[in-house]
Amino acid sequence: MVNGMLTGKQILLIISGGIAAYKALDLIRRLKERGAGVRCVLTAGGAQFVTPLSVAALSENAVFQDLFSLKDESEMGHIRLSREADMLVVAPASADLMAKMAAGLADDLASTILLATDKPVLFAPAMNTRMWEHPATQRNLATLLDDGLRAIGPGQGDLACGEVGAGRMSEPMEIVAAIEDMLIAAAPAAPLKGRRAIVTSGPTYEAIDPVRFLANRSSGKQGHAIAAALARLGADVVLVAGPNNQPDPTGVTVQGIESATQMLAACETALPADIAVCAAAVADWRVAGETEQKLKKDGSGRPPVLALVENPDILATLGHLNAGRPRLVVGFAAETEKVVAHAQDKRVRKGCDWIVANDVGAGTGVMGGDENTVHLITAQGVEDWPTMSKDAVADALAGRIADHFAAG
Ligand code: C5P
C-alpha cells in the first residue's frame, strides 16, 4: 500500500538504546511502504539491540553511527543529515538521550544532529516505568515539549523488564500517524491550490529567414520567478516561455515557444485558467513573408527591405475574451517615460485587471538585471513598491494574487 502523504518525504530516524529498538525496524518498513525515504542513525546503545546490517537492509540506505567517522563525514556531514530530512524521529528515545536533548549535549552523532537540526522532531520514549516517572525524566520531558519537540507515548503495559506500567514505546503505526500529522502541520500554506495559472515569460524570436531573427533583451527572469512563486503557493502553473537561459522552475509545466504567434497558440491551449500573468516581452511585429532561404547580398549594395506586420497581442486577447476569460489578468508595462500614466492607459486598453509597471529606461539595469522597481496599477489606484529582487517582486505579486482570490 502506498499512502501519498509520505511519498517523497525524507525521515531521519534516530534509534537509541532499549529493547524497543526492534520496533524501530518495523517502523522503517511502515515508512518505506508509504513512500518515505528513511535514513537511520544508530546510537551505541541502539546498536546493542539491533544490528546496523538489518537497519541498512530495511532502510535501503547506509546507517550512520559515528560523529567522528571520516567515512560518514566525507559522505554526508551531520548537519547535512538533519537538513536534508523533512523531519527527525527518535524511536526509541531512551531516558539518556532525552536527558542529553534537554540539556543540549552533543557528544555523539545522534545528540549532535538533534542540537543542529532546524526540522520538526518527534520522539517516542521507551524505558522502565520508574525511569519514566523519575522527576528528572519528567523535567526533561517538560523541557523538550517546551522547546517545541513533540512526544508520542509511552504507552502502559507489560515492560520487557518484567514490570507493568508506563514506559512501552508506542506502536509503529501510531508513530506513523503522528509523523503524518506533523508533516501536514509543517506543510507550507497553499492558498492557490486548485487554481490554474498561465504565465508568459522571456522574449519572442521573430524569424527573418531560417538563420536570422528579430528579438529583444528580455532574460525571462521576472516571468520565471512569477511562475515559481505561484507554484509555491499551490497553483497549477503553465509557463509559456520564449527562448531563455533560465532553469525550468520547480513544479511548473514549461511550454517552450519561439514566436508571438506560437506563444498565443500555447496560451490558448493552456486555457481555461483562473489567472494569466503576461510578463513576456513579446515582439510587436514579425517579418512579413519570412523567406525559406537565407537572404543573400545581391551585389547591388542595397540592403533588403523588411516589411513588418503586427503580432497578435496575447495580453489583450486574454483580457478581452468573452467566454473563458481568466478571472484575474495581469499585464506588465515596461516603459521609459511617464511610466504610471502609460500603464494606466494600457490597463484599460488591453482589458486587464492589474498592470505591473516598471521603468526600463537606460541606466535602470532592469532588462536582464536582478532587481526591479515596480508600481502595481489596479482599478483602485497605484501602489509604489520599493526596489526589490525580481524573486521578491514575484513573491509579493503571487501573495497579492492569493489575497485577491481569498477575498472572493
Ligand atoms: O504594449 P506593450 O508591449 O508595452 O504591453 C506590455 C504587456 O503586454 C506585457 O504584459 C506583455 O507581456 C503583453 N504583450 C503581449 N503580446 C504582445 C505585446 C505585449 O502579451 N504582442
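Me: In which helix is the place of T261?

Reply: In this model, which is a predicted one, T261 has its place in helix α11, a helix made of residues 260–270.

Me: Is T261 buried, exposed or partly exposed there?

Reply: The general idea is to compare the relative accessible area with two cut-offs, since under 20% counts as buried and over 50% as exposed. For T261 the value is 41%, so this residue is partly exposed.

Me: Which residues does T261 touch, once those up to four places away in sequence are not counted?

Reply: T261 touches R286, N311 and P312 on that count. As for R286, this residue is 25 residues away from T261 along the chain, and the C-alpha atoms of the two are separated by 9.2 Å.

Me: Why can the buried residues of α11 be said to line one face of the helix?

Reply: One first lists the buried residues, which in α11 are A260, M263, L264, A266, C267 and A270. Seen down the helix axis, these residues fall within an arc of 165°, and therefore they line one face of α11. The elements against which they pack are the strands β9, β10, β12 and β13, together with the helix α12.

Me: Which residues touch the most other members of the largest nonpolar core?

Reply: A nonpolar core is read as a set of buried residues of certain kinds joined through side-chain atoms within 4.5 Å. The largest one here has 33 residues, and those touching the most other members are I226, L230, V237, V277, L397 and I401. Among the elements that give two or more residues to this core are α10 (221–232), β12 (236–241), β14 (275–278) and α14 (390–406), and the largest share, seven residues, comes from α14. Leaving aside neighbours within four places in sequence, L397 is in contact with I226, V277, W354, V356, L376 and W385. Another core, of 32 residues, lies apart from the largest one and includes I11, V55, I175 and A178.

Me: Which residues surround the ligand?

Reply: The ligand is surrounded by C278, A280, V282, D284, P312, D313, I314, L315, G331, F332, K346 and K350; P312, in this list, is also one of the residues that T261 touches.

Me: Where do oxygen atoms of the ligand lie 2.8 Å from the protein?

Reply: At that distance, an oxygen atom of the ligand faces a polar backbone atom of L315, and an oxygen atom of the ligand likewise lies 2.8 Å from an N or O atom in the side chain of K350. For a polar backbone atom of C278, the distance to a ligand oxygen atom is 2.6 Å. On its own the ligand has 450 Å² of accessible area, of which the protein covers 86%.

Methods. Residues numbered from 1 in each chain as written. Predicted model: local features only at pLDDT ≥ 70, side-chain atom pairs only at ≥ 80, totals over all residues. Heavy atoms only, no water. Buried < 20%, exposed > 50% of the residue type's maximum accessible area, 1.4 Å probe, protein only. Helix = DSSP H or I, 4+ residues; strand = E, 2+ residues; numbered from the N terminus. Contact = heavy atoms within 4.5 Å. Near = heavy atom within 4 Å. Polar contact = N/O pair within 3.5 Å; in protein donor to acceptor, adjacent residues only side chain to side chain. Areas by Shrake-Rupley, 256 points an atom, 1.4 Å probe, with all protein chains shown as cover. Arc of directions from axis to C-beta.
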